[in-house]
Amino acid sequence: MSAVSAPAPRTVLLTGAAGGVGTLMRELLPSFGYRLRLLDARPIQDGPGAGTAITADLADRDALRAAVRGVDAILHLAGISKESDFDRILRANIEGTYNLYEAAREEGVRRIVFASSNHAVGFTPRPRGGDPLIPVDTPRRPDTYYGLSKCFGEDLAQLYADRHGIDTVSIRIGSCFPAPSTVRMLSVWMSPADGARLFHAALTADVTGHTVVYGSSANTRLWWDLGPARALGYEPQDDSEPFAAALIAEQGELDPADPAQANLGGAFCTDAPRWEH
Ligand code: NAI
Ligand code: 15L
């Protein structure tokens, strides 16, 4: 598999542009040469790409068709990003992602990068001393309705690859924030700069069909196999280790007997997952 194809997509629709990752990517992706078109249900603040911003919900099929018309690729970040009521997850993440894929099919967009999540496999026990890294083909074990919606998105991507020839790279993102804030994140952190590198690799890699990869930096305490992401041409530059001493001094090492610390999904595997109202 060659790493980078030509020509690279130039115009990319960034859904979820008002969110945490979207805001970071608005800053970082233009340096790779992209023209971004932005979409979010919430108004998008001034800043890079603001002139192209579309305020629309993923439920609005006409707005989605107009938004995807003429773009080379889509980076799909929009949706509920934590656990929530099933009905809300159904509308935003399941129906919303379906609506976006339908718009892409109708308008001839051939490449989508889908922000999946580690919570699609959240109940997988985390590796402990000497265990092998978690492979990308480990059985799905969603830890929430949120994680279940990411499993749906991955399967939807497979269907649209097989039936309609739309290529998707699904990235099971760990934790993409400016810095890790928990001991768990030392293993799953994806720095924003590495996030931009991975999204760029996924947008340009010479792969067809549906490809699933994990998304994180090259963390010393990594839990999963980054090989499939590297095969796209991704070369992570960051490692959470410089944050380790302070976080462990503050929070202690992970306790395997604590249900919130035993699995990949962390607290999402308990009755008190992070919740979005
Ligand atoms: P976020 O919650 O900060 O941003 C999501 C954005 O999507 C928000 O601006 C929201 O207004 C928009 N949105 C929600 N429902 C919508 C709808 N129906 N129509 C249009 N826009 C809608 O989330 P964040 O952290 O930026 O994550 C981005 C994506 O990456 C999400 O899909 C999330 O599930 C995924 N992800 C993020 C991780 C992280 O560490 N930040 C980890 C794993 C996955
Ligand atoms: C996710 O999927 C969430 O969107 C994000 O807010 C974090 O909770 C992240 O996973 C994580 O596992 O840390």
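This is a conversation about how to read ligand shells, cysteines and single residues in a predicted model.

Biologist: Before we start, what should I keep in mind about the model and its numbering?

Modeller: The model is predicted, so local features need pLDDT of at least 70 and side-chain atom pairs count only at pLDDT 80 or more, while totals for chains, interfaces and linings use all residues. Residues are numbered from 1 along each chain as its sequence is written, chains are lettered from A and ligands numbered from 1 in the order in which they are written, and side-chain values use heavy atoms, with hydrogens and water left out.

Biologist: Happy with that. How many residues surround ligand 1, and which are the closest?

Modeller: A residue is near a molecule if one of its heavy atoms lies within 4 Å of it. Here 26 residues surround ligand 1, and the closest are Val21, Asp40, Ser81, Tyr146 and Cys176.

Biologist: Which helices and strands each supply at least two residues of that shell around ligand 1?

Modeller: Helices (H or I, at least four residues) and strands (E, at least two) are DSSP runs, numbered from the N terminus. Helix H1 (20-28), strand E5 (111-117) and helix H4 (145-164) each supply at least two residues. The largest share, 3 residues, comes from E5.

Biologist: And what classes of residue make up the shell around ligand 1?

Modeller: Ala, Val, Leu, Ile, Met, Phe, Trp, Tyr, Cys and Pro count as nonpolar, Asp, Glu, Lys and Arg as charged, and the others, Gly among them, as polar. By that scheme the ligand 1 shell holds 13 nonpolar, 9 polar and 4 charged residues.

Biologist: Which atoms of Asp40, Ala41 and Gly79 lie at short range from ligand 1?

Modeller: A polar contact is a pair of N or O atoms within 3.5 Å; within protein, one must be able to donate a hydrogen and the other to accept it, and residues adjacent in sequence count only if both atoms are side-chain atoms. For Asp40, an N or O atom in the side chain is 2.6 Å from an oxygen atom of ligand 1. Ala41 places a polar backbone atom 3.2 Å from a nitrogen atom of ligand 1, and a polar backbone atom of Gly79 is 3.2 Å from an oxygen atom of ligand 1. On its own, ligand 1 has 830 Å² of accessible area (Shrake-Rupley method, 1.4 Å probe), and the protein covers 89% of that.

Biologist: Let's move to ligand 2. Which residues are around it?

Modeller: Ser81, Ser117, Asn118, His119, Tyr146, Gly174, Ser175, Phe177, Arg184, Phe268 and Arg274 are around ligand 2. By class, that is 3 nonpolar, 6 polar and 2 charged residues. Three serines give polar contacts to oxygen atoms of the ligand: a backbone atom of Ser81 at 2.6 Å, a side-chain atom of Ser117 at 2.8 Å and a side-chain N or O atom of Ser175 at 2.5 Å. Ligand 2 taken alone exposes 320 Å², of which the protein buries 89%.

Biologist: Asn118 was in that list. Is Asn118 buried or exposed?

Modeller: Buried means under 20% relative accessible area, exposed over 50%, partly exposed in between (1.4 Å probe, protein chains only). Asn118 counts as buried because its relative accessibility is 0%. It lies in the loop between E5 and H4, and its side chain makes a polar contact with that of Arg184 (3.1 Å). Contact in general means heavy atoms within 4.5 Å; beyond neighbours within four places in sequence, Asn118 has contacts that include Arg172, Trp224 and Leu264.

Biologist: How does Ser170 in strand E6 read?

Modeller: Ser170 is found in strand E6 and, at 0% relative accessibility, is buried. Its side chain makes a polar contact with the side chain of His210 (2.7 Å).

Biologist: Last one: why do Cys151 and Cys269 not form a disulfide?

Modeller: A disulfide is a covalent bond between the sulfur atoms of two cysteines. The search looks for cysteine sulfur atoms within 2.5 Å, and across the whole structure it finds 0 disulfides. The sulfur of Cys151 is 12 Å from its closest cysteine sulfur, in Cys269, so the two are too far apart for a bond. Cys151 is buried at 6% relative accessibility, and Cys269 is buried at 11%.
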